[in-house]
Amino acid sequence: MTKYGSFPGTRPRRLRTTPVMRRMVAETRLHPADFILPAFIREGVSEPVPVAAMPGVVQHTRDSLKKAALEAVEAGISGIMLFGVPEEAKKDAQGTVGTDPDGILQVALRDVRAEVGDDLLVMSDLCLDEFTDHGHCGVLDAEGRVDNDATLERYAEMAQVQADAGAHVVGPSGMMDGQIGVVRDALDQIGREDVAILAYTAKYSSAFYGPFREAVASSLQGDRKTYQQDPANWRESLRELELDLTEGADMVMVKPAGPYLDILARVADAVDVPVAAYQISGEYSMIEAAAEKGWIDRDRAIFETLTGIKRAGARNILTYWATEVAQKLSRSPFTS
């Protein structure tokens, strides 16, 4: 007699027999609208500059960035997050070029917004690290420490110039205490209540940022452990989450994604606002490097990691593969 509820009557493998069966019962699906493309705009170059540590990623010119934005629209992704790379001589201790209306990031925001209008969410990294000569995410005090409250004043100004340049969304990424409230107030003061804030709520001090530092030509001296989170901790992420929401965050994010899927899941379970995750440069570069060696199947690894991030609770994913993956999904929605 067949036994139900246990083997041999119950055989879970019946639901894995064919691609169509696996597709039908899939609990997690990727969609082009899930994705946001991080992109770098470099001042003073006439051709895109490849980032050696991130094969396939470039520092864009103004023209190539506009082309990338149009490709993103055509692929159906939701947004593009812009990072500025100024000329080295323009960096200073205050990150002045980051709040200059004619600074490279503001120029790029205007360019992209003019090119795509509202067909793509134009997002802006709101941080000073690309623009300071010391490479930190804020201004320093007399003893060389990041001055939290002085930095907030710079973030307020930065939010306003980015909004005026056309950003739909600003992403305060410096992990300063009180940054979301200050940015919200600064935006509201100039009548930009419609500009959304994507809070970098849980941004960990990570070894996986290395390739990004090349991409933004970082001048970092020392480390960021006094303001980015300790990888050993998860409770403080929930504390940061509560503070960000209280201060007015519209969306929240976990960064990095892959090494912090447990944090992502806890955050997603705790809130009713959209949750994003950033698959960062080191995660990207590891897969590209291993695939180049022939050690892994590149496409399968990309889709597996992205599926894992979404399964853990991310509604949106920042990834350097955003446009490529969206194009593949459009050709075959059930790619895996």
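**Second pocket, backbone outliers and a surface patch**

The second largest pocket holds about 400 Å³ of space. This is a predicted model, where local features need pLDDT of at least 70 and side-chain atom pairs count only at pLDDT 80 or more, while totals for chains, interfaces and linings use all residues. Residues are numbered from 1 along each chain as its sequence is written, and side-chain values use heavy atoms, without hydrogens and water.

A pocket here is an open set of points on a 1 Å grid over the protein atoms alone, where a 1.4 Å probe fits, with protein on both sides within 12 Å along at least five of seven lines; lining residues have an atom within 4 Å of a point. The volume is the space filled by probe spheres set on the points, joined across faces, edges and corners.

The second largest pocket has 21 lining residues, and Leu37, Gly56, Val57, His60 and Tyr320 lie nearest its centre. Elements giving two or more residues to this lining include strand E1 (35–42) and helix H11 (322–331); helices (H or I, at least four residues) and strands (E, at least two) are DSSP runs, numbered from the N terminus.

Now the backbone. Most residues other than glycine have a negative phi, and most peptide bonds are trans. Met175, not a glycine, has a positive phi of about 60 degrees. Met175 sits in the loop between strand E6 (169–172) and helix H5 (179–189). The bond from Phe7 to Pro8 is cis, with omega near 10 degrees, and Pro8 belongs to the segment before H1. Lys255 and Pro256 are also joined by a cis peptide bond, with omega about -5 degrees.
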